[in-house]
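Here are my notes for a first look at this one. Keep the structure open beside you and go through the points in order.

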Amino acid sequence: MDQVDAEKRSAIMRSVHSKNTKPEVALRSALHAKGYRFRLHAKDLPGRPDVVFRKRKACIFVHGCFWHRHGCSKTTSPKSNAAFWNSKFEANVARDARSIELLMQSGWRVLVIWECGISRKGISDECISHVTEWLGGAETFSEYPPTTGIVRPAASSHEPME
């Protein structure tokens, strides 16, 4: 049973945005402070990556753990209307996998930053270090922090993350 009434739950869900989330803005601010320049939400690329480095042919998705099913403690599942939510989550994961696969087939490098990897206080040195090392390297796919407990459909055909 839901802890809040239907009207309050509806207001909460309406407040969830897909662009310019706090974790995304924190990552962009940290990258900009390090001197990186990028484009946002490229409409011409599969999945509309959150941060795009065209010259490097690299892009970053900042995923919410709940919506994209990271497998961490934030990956909870609603108890009411479970069939609807499970279907929605499965569709999100499948869409993410398709987008990543299409990007990589087109020669793009993809990094997924999970919401739990960015604290409420901002982006950690470890996270920004991972991003900058990945940008300077040749690894085609990476994620921070690594997925826990869920096998990613797209990850099986890519290099393992170190």
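1. Start with β4 and β7. Strand β4, residues 109-114, pairs with β7 in the parallel sense, over four bridges. If you want a spot to click on, take Ile 113: its bridge partner in β7 is Tyr 144. Bear in mind that this is a predicted model.

2. Now zoom out to the whole sheet. It is an open sheet of five strands, in the order β1-β2-β3-β4-β7, and the pairing is mixed. Which strands stand at the edges? Those are β1 (39-40) and β7 (141-144); each has a single partner strand, so one side of each is left without a neighbour in the sheet. As a reminder, strands of a sheet pair through backbone hydrogen bonds, either parallel or antiparallel.

3. Both senses turn up around β3. With β4, β3 pairs in the parallel sense over six bridges, and Val 62 has Ile 113 as its bridge partner in β4. With β2, β3 runs antiparallel, joined by three bridges; here Val 52 stands opposite Cys 59 in β3. β2 and β3 form a hairpin with four residues between them, and Lys 57 in that turn has a positive phi of about 50 degrees.

4. Is β3 buried or exposed? Six of its six residues are buried. Both faces are covered: Ala 58, Ile 60 and Val 62 are buried on one side, and Cys 59, Phe 61 and His 63 on the other.

5. Next, look at the helix lying across the strands. Helix α5 (residues 125-136) lies across β2 (51-53), β3 (58-63), β4 and β7, running at about 175 degrees to β4. Val 131 is a handy residue to follow in α5. Its relative accessible area is 0%, so Val 131 counts as buried. Leaving aside neighbours within four places in sequence, Val 131 is in contact with Leu 27, Leu 31, Ile 60, Leu 111 and Ile 113. You can also draw a line from Val 131 to Tyr 144: they are 13 residues apart in sequence, and 8.3 Å apart in space from C-alpha to C-alpha.

6. Helix α4 deserves its own look. This helix covers residues 82-105, 24 residues in total, and reaches 34 Å from its first C-alpha to its last, close to the 34 Å expected at 1.5 Å a residue. Its buried residues include Trp 85, Phe 89, Val 93, Ile 100 and Leu 103, and also Asn 92 and Asp 96. Just after α4 comes Gly 107, with a positive phi of about 90 degrees.

7. On to the aromatics. How many aromatic pairs does the structure hold? There are eight. In one of them, the ring centres of Phe 66 and Phe 89 are 5.2 Å apart and the planes are at 85 degrees, so the pair is edge-to-face. This pair links distant parts of the chain, with Phe 66 in helix α3 (residues 65-68) and Phe 89 in helix α4, 23 residues apart. Both Phe 66 and Phe 89 are buried. Ring pairs also tie Phe 66, Trp 67, Phe 84, Trp 85 and Phe 89 into a cluster.

8. Two arginines sit over rings. The charged end of Arg 69 is over the ring of Phe 89, 3.8 Å from its centre. Arg 109 lies over the face of Trp 134, at 4.3 Å from the ring centre.

9. Finally, some backbone details to check. Most residues other than glycine have a negative phi, and most peptide bonds are trans. His 41 has a positive phi, near 45 degrees, and lies in the loop between β1 and β2. Arg 48 also has a positive phi, near 45 degrees, and is in the loop between β1 and β2. Their exposure is worth a glance too: His 41 is buried, with a relative accessible area of 12%, while Arg 48, at 39%, counts as partly exposed. Past the sheet edge, the peptide bond from Tyr 144 to Pro 145 is cis, with omega near -20 degrees; Pro 145 is in the segment after β7.

Methods. Residues numbered from 1 in each chain as written. Predicted model: local features only at pLDDT ≥ 70, side-chain atom pairs only at ≥ 80, totals over all residues. Heavy atoms only, no water. Pairing = 2+ DSSP bridges. Helix = DSSP H or I, 4+ residues; strand = E, 2+ residues; numbered from the N terminus. Contact = heavy atoms within 4.5 Å. Axes fitted to C-alpha atoms, helices over the stretch in contact; angles between N-to-C directions. Expected span 1.5 Å × (residues − 1). Buried < 20%, exposed > 50% of the residue type's maximum accessible area, 1.4 Å probe, protein only. Phe/Tyr/Trp six-rings, centres within 6.5 Å; stacked < 30°, edge-to-face > 60°. Lys NZ or Arg CZ within 6 Å of the ring centre and 35° of its normal.
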